[in-house]
Amino acid sequence: MNNKKLLLASLLLTSASSVFALPQCPQPEFMEQRFSAPNFETGQYKNGLNRSITWLPNYHMIHDEVAAVGNPITMTAKFDYGRVVHKDLEFETVKFYIRGQSDTQWQYLTSATTNSDGKATLSLGGMSAGQYRIYAGVVADGTGTEGYLTVVEPNTEAVLFDIDGTLTESDAEQVGDYTEIDYADAKDGAYTLVRSYLDLGYQPIFLTARVYWYGKGTRRWLSWMGLPPGYLRTSLSNETSLFKTAQYKTEQINKLEANGIKIVRAYGNAKTDAEAFIKSGLSASQSFTIGEEAGYYGTTAISNNSYNEHIATQVNNFPNANCQ
């Protein structure tokens, strides 16, 4: 075979391997690890009025993101204080850090200033596939928050879970997570359900209509359950949580899939979950609902308010995710 033919054969093999390469499997153990916050020097308040709020408990939150390999990324951190008032931290400096799966310590990225809504944004260039932790620290008082960035290749298979009434016993129990006075009771078999899919190599997606200030307590609950606290998506406003839940969840599912996530199954309990699953293009056989509204909108009903039988008959024999 001459050199031209060898070169052509090599190019064809390279092209074929890239076409048929499997996406990277998630690493839930990285998401479950607990890291100390990065050390950073605290400084002066830029906005002196903030001294009157930063003694209150904080409900800071970084909104988790999924991004396609090579695409630019924008992450938003939200900073507020007070269990009742939720006063935004306006016009203060925050420092952003990143930690990848192979990193042994936090890497400083950049500083930003919060706006009048208490939000600061982080812009990143295209990144390689993998899972990353992002930390944002408030220079004025040393508080901070951690979020999760998942960079995926096309067709990264995932299983989506609602939380309240789906993984927890009822919608009302989110108050205990929020106030940190109690942990919400888990639905019968909920831990085994999620862990089974993790063991099969599926990316976990936690999509809840809880408003963003419930994010801190929700991550705490997931960790207490022994489940990875990311990727977690909360809503940005009470109005969305109360009146636009189906629309919000449909939009979030469509956004995830546009970025390379392939949702193979989804679990919910409410009519809004069922509506979002079907309207976003998931089939009835991929969409599972539990509780009083199980089976709504043509979704597949899970009986007896328990996952045990469902796991035995429909999860234990489910194939491994197509990943490597």
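Start with helix H7 and helix H8, where H7 passes H8 in a right-handed crossing. This is a predicted model. To see the pair, select residues 245–258 for H7 and residues 271–279 for H8; their axes come within 8 Å and cross at roughly 35°. Next, show the side chains at the contact. From H7, pick Thr245, Ala246, Lys249, Thr250 and Ile253, and from H8, pick Thr272, Asp273, Glu275, Ala276, Phe277 and Lys279. Coloured by character, the residues of this contact between H7 and H8 divide into 4 nonpolar, 3 polar and 4 charged.

**The whole chain**

Zoom out to the full protein chain, which has 9 helices and 16 strands. The chain has 324 residues, and 53% of them count as buried. Among contacts with a separation of 6 or more, 69% are between residues 24 or more positions apart.

**Helix H4**

Select residues 190–199, which form helix H4. H4 is mostly covered, with 7 of its 10 residues buried. The buried residues in H4 are Ala190, Leu193, Val194, Arg195, Ser196, Tyr197 and Leu198. To see what lies over these buried residues, display the elements around H4, including H2, S11, strand S12 (203–211), S14 and H9. Then step past the end of the helix to Gly201, which follows H4 and has a positive phi, near 95°.

**The largest nonpolar core**

Which residues have the most contacts inside the largest nonpolar core? Select Phe161, Leu193, Tyr197, Tyr202, Phe206, Tyr267 and Tyr307; the core they belong to has 30 residues. Two or more residues each come from strand S11 (156–161), helix H4 (190–199), H5, strand S14 (261–268), strand S15 (287–290) and H9. H4 gives the most to this core, with 5 residues. In soluble globular proteins, nonpolar side chains tend to be buried together.

Centre the view on Phe206. Leaving out residues up to four places away in sequence, Phe206 touches Phe161, Ile163, Leu167, Val194, Leu222, Pro228, Gly230, Tyr231, Leu232 and Arg233. Another core lies apart from the largest one; it has 25 residues, and Phe96, Met127, Leu149 and Val151 are among them.

**Helix H5**

Move to residues 215–225, helix H5, and pick out its buried residues: Gly215, Gly217, Thr218, Arg219, Trp221, Leu222 and Met225. Just after H5 comes Gly226, with a positive phi of about 85°.

**Ile261**

Select Ile261, which lies in strand S14. Is Ile261 buried or exposed? Its relative accessible area is 3%, so Ile261 is buried. Not counting residues up to four places away in sequence, Ile261 touches Val66, Val152, Thr156, Ala158, Gln203 and Leu256. Draw a distance from Ile261 to Gln203: the two are 58 residues apart in sequence, and their C-alpha atoms are 8.6 Å apart in space.

**Gly118**

Go next to Gly118, in the loop between strand S7 (107–113) and strand S8 (119–124). Gly118 is buried, with a relative accessible area of 0%. What does Gly118 touch, not counting residues up to four places away in sequence? Its contacts are Ala77, Lys78, Phe79, Asp88 and Leu89. The C-alpha atoms of Gly118 and Leu89 are separated by 4.6 Å, while the two residues are 29 residues apart along the chain.

**Asn47**

Select Asn47, found in the loop between H2 and strand S1 (61–62). Asn47 is buried, and its relative accessible area is 16%. Leaving aside neighbours within four places in sequence, Asn47 is in contact with Glu90, Phe91 and Glu92.

**The disulfide**

Finish with the cysteines. How many disulfides does a search of the whole structure find? The search finds 1 disulfide. Select Cys25 and Cys323, which it joins with an S to S distance of 2.0 Å. The link of Cys25 and Cys323 is right-handed, with 95° about the S-S bond. Cys25 is in the loop between helix H1 (3–20) and helix H2 (28–32), and Cys323 is in the segment after helix H9 (308–315), so the pair ties together parts that are 298 residues apart in sequence.

Compare the exposure of the two ends. Cys25 has 22% relative accessibility and counts as partly exposed, whereas Cys323 has 16% and counts as buried. The two fall into these classes because buried means under 20% relative accessible area.

Notes:
Residues numbered from 1 in each chain as written. Predicted model: local features only at pLDDT ≥ 70, side-chain atom pairs only at ≥ 80, totals over all residues. Heavy atoms only, no water. Disulfide = S-S within 2.5 Å. Helix = DSSP H or I, 4+ residues; strand = E, 2+ residues; numbered from the N terminus. Buried < 20%, exposed > 50% of the residue type's maximum accessible area, 1.4 Å probe, protein only. Contact = heavy atoms within 4.5 Å. Core = buried A, V, L, I, M, F, W, Y, C linked by side-chain atoms within 4.5 Å. Axes fitted to C-alpha atoms, helices over the stretch in contact; angles between N-to-C directions. Left-handed = near helix turned anticlockwise from the far one by under 90°. Nonpolar A, V, L, I, M, F, W, Y, C, P; charged D, E, K, R; others polar.
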